[in-house]
Amino acid sequence: MIRAVKKCQFWFLVAFIFSVILATVVAADTGAINGSAITSQSSSLEEIADTPVVSQTVVQKVKKDNEIDTGDTAWVLISTALVLLMTPGLAFFYGGLVRKKNVLSIIMKSFMCMALITMQWVIFGYSLSFGSDIHGLIGDLSWFGLRGVGLAPNSDYAATIPHQLFMLFQMMFAIITPALIIGAVAERIKFSAFVIFSLLWSTFVYDPVCHWVWGVGGILRNTGALDFAGGTVVHINAGMAALAAALILGRRHNMVLHVPLPHHLPFAALGAGLLWFGWFGFNGGSALGSNSIAVNAFVTTHIAASSAGLTWSLIEWVVNSRPTMLGMITGAVAGLVAITPASGFVNVIGAIWIGIGASAICFLFVSVIKPKLGYDDALDAFGVHGIGGIWGAVATGIFATKAVNAGGANGFFYGDAFQLFVQLKATAITAIYSFVVSFVILKVLDAMIGIRTTCESEKIGLDLTEHRESAYTMLE
Amino acid sequence: MKYIIAVIQLDRVDEVLQRLEEKEVHLVTVTPVLGRGRQKGVAQVYRGNKEAGSLLKKAKLEVAVNNQFVPATVEAIMEGARTGNIGDGKIFVFNMEECYRIRTGEIGSVAIG
């Protein structure tokens, strides 16, 4: 540590943290945090401030019922495409991090999620998530096969865009969530087992949790838990399933001497770039309209990713004496994960702190704590999405302010410690449910068909043994 | 002086290098190669067209050693690379005519290590 103090990068880190603290204090003095700077926006939202509201449905401008707004529809259409692009982006991010004999197996699983979960969502998944509430736990099957989900808006969820567009936007979230788990099971899960697992997991874990948090009547929505764009539903949910899967599958073979190295880091950077780009739709689109909350989410998303990428690099620079490219993109993704639940409820300063916290906590977890625990979360799906998601959910309870979004709540820094408790409760419920049910599904699958490939197949590589093709040729 | 070439399973390379290190054989060249033995390759399919895959990826190790190191080198490769399955590979030992160290111009046994 004493040696570290002599390095300029250490002082760079100190200067960065200090300037953020300064910015926080100045912003508090001038009242930007308290909302005087954004009163015009707050007033337009006061009409709906009384109703307890959560997440994606919060920020609808109150308009005449069932009137399609062209601006809102245009933005959500674009956002839907942006979120879809995140799944191939994730395929490249993960694909670059595995050995070259397994890269196709990663990309194939991602595309399988796109095709398979789309069918699941259309046939019954959307209805289970957003259909009429059954005891706050799950939707009914009234929208089976999208019966009754038409082009007229549904005022329960999004009053200014066609119902089918809301359904499709939500579908993209349902697709990427099981795809995130691929990171934990990489290089050793049977393809057949993954396909069945992702279908069962979407049905028994994603759909119920989605209903709890976002469905009208859902139990977590009614407690007032804030989750703007899916920190609980997507990231904590997938992160805990990833941990369960890594524990059940066990370590990859032959890792005694060293951890397998990434085969193509430029791929990982390409994937991270696509994720960052797509995340504007993920968070900005979750406003479900082309409005000031969408812009706030857009701005905080970008700022948190940047502050997290910078923080991770500086930490590595100080601790390992060299900043790595993989560290930079891992930090940026951790920041994006953490800002997801908070993006529509926090201001710029809150976003910077969320980014800093995401990198600090995930770095500590991935490079210090994980190696001591000994489980093999191959690409840190739990370390980044689980841990980053939990930090994001907690940080929402700290930094949320009604000055940004009157439909939200005030967090710990803005005088309401209770919101922090609400966030912790929602996090714990989701984490425990996801871990337990994922664990059971995987154990049952393992007993029935076996979820792990043979040692021989792992040696040759899943591209050849599971898919009969290879990504790179050696001779021509 | 002998020149030893071994073709082994890709995932045994780390183990073999570790054992060579223990026997104080530090200089090794490793190349990824394609080859065919009794094990046969894995067939591939592209858009429905089956390509009979007759070649498998292996690692080729090359080591130049003085005579007294030959048994230790062979033993290290044998122990490190053996899994007991078909496809574990082969070790070939050649007589070596001469060896030069480019930097100093040294010749013979001294130039090897």
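## A tour from helix H1 of chain B

Begin by selecting helix H1(B) together with its surroundings: its buried residues pack against S1, S2, strand S5 (56–65) and helix H2 (70–81) of chain B. Please note that the model on display is predicted.

**The helix itself.** Within H1(B), colour Val13(B), Glu15(B), Val16(B) and Leu20(B), which are its buried residues. Now look down the helix axis: the buried residues of H1(B) fall within an arc of 160°, so they line one face of the helix. As a general aid to this view, an α-helix has 3.6 residues a turn, so residues three or four places apart point the same way. Next, turn to the face of H1(B) that points away from the buried side, where the exposed residues Glu21(B) and Glu22(B) are found. Just after H1(B), select Glu24(B), whose phi is positive, at about 65°.

**The sheet of chain B.** The next selection is the open sheet of four strands, which run in the order S2-S5-S1-S6 in chain B with antiparallel pairing. Strand S2 (29–35) and strand S6 (89–95) of chain B are the edge strands; each has a single partner strand, so one side of each is left without a neighbour in the sheet. On average, neighbouring strands of this sheet are turned by 20° against each other, direction ignored. For a closer view, display strand S1 (residues 2–8) of chain B with S6(B): the two pair in the antiparallel sense over seven bridges. Which residue of S6(B) is the bridge partner of Val7(B)? The partner is Lys90(B).

**Where the chains touch.** Now show both chains. The contact takes 12 residues from chain A and 11 residues from chain B. On the chain B side, the elements that give two or more residues are helix H1 (13–22), S2 and strand S3 (44–46). The residues on this side of chain B comprise six nonpolar, two polar and three charged.

**The cores.** Move finally to the largest nonpolar core, which has 144 residues; Tyr94(A), Ile181(A) and Leu275(A) are among those with the most contacts inside it. Helix H6 (residues 163–185) of chain A gives the most to this core, namely 17 residues. Centre the view on Leu275(A): leaving aside neighbours within four places in sequence, Leu275(A) is in contact with Met86(A), Gly89(A), Leu90(A), Phe93(A), Val333(A) and Leu336(A). Apart from this core lies another, of 16 residues, including Leu20(B), Leu61(B), Phe69(B) and Ala76(B). Leu20(B) brings the tour back to its start, as one of the buried residues of H1(B).

Note on methods
Residues are numbered from 1 along each chain as its sequence is written. Chains are lettered from A and ligands numbered from 1 in the order in which they are written. This is a predicted model: local features need pLDDT of at least 70, side-chain atom pairs count only at pLDDT 80 or more; totals for chains, interfaces and linings use all residues. Two strands pair if DSSP finds at least two bridges between them. Axes are lines fitted to C-alpha atoms, for helices over the stretch in contact, and angles run from 0 to 180 degrees between N-to-C directions. Two residues are in contact if their C-beta atoms, placed from the backbone, lie within 7 Å. Ala, Val, Leu, Ile, Met, Phe, Trp, Tyr, Cys and Pro count as nonpolar, Asp, Glu, Lys and Arg as charged, and the others, Gly among them, as polar. A nonpolar core is a set of buried Ala, Val, Leu, Ile, Met, Phe, Trp, Tyr and Cys residues joined through C-beta atoms within 7 Å. A residue is buried if 20 or more other C-beta atoms lie within 10 Å of its own, exposed if 12 or fewer, and partly exposed in between; C-beta atoms are placed from the backbone. The arc is that of the directions from the helix axis to the C-beta atoms.
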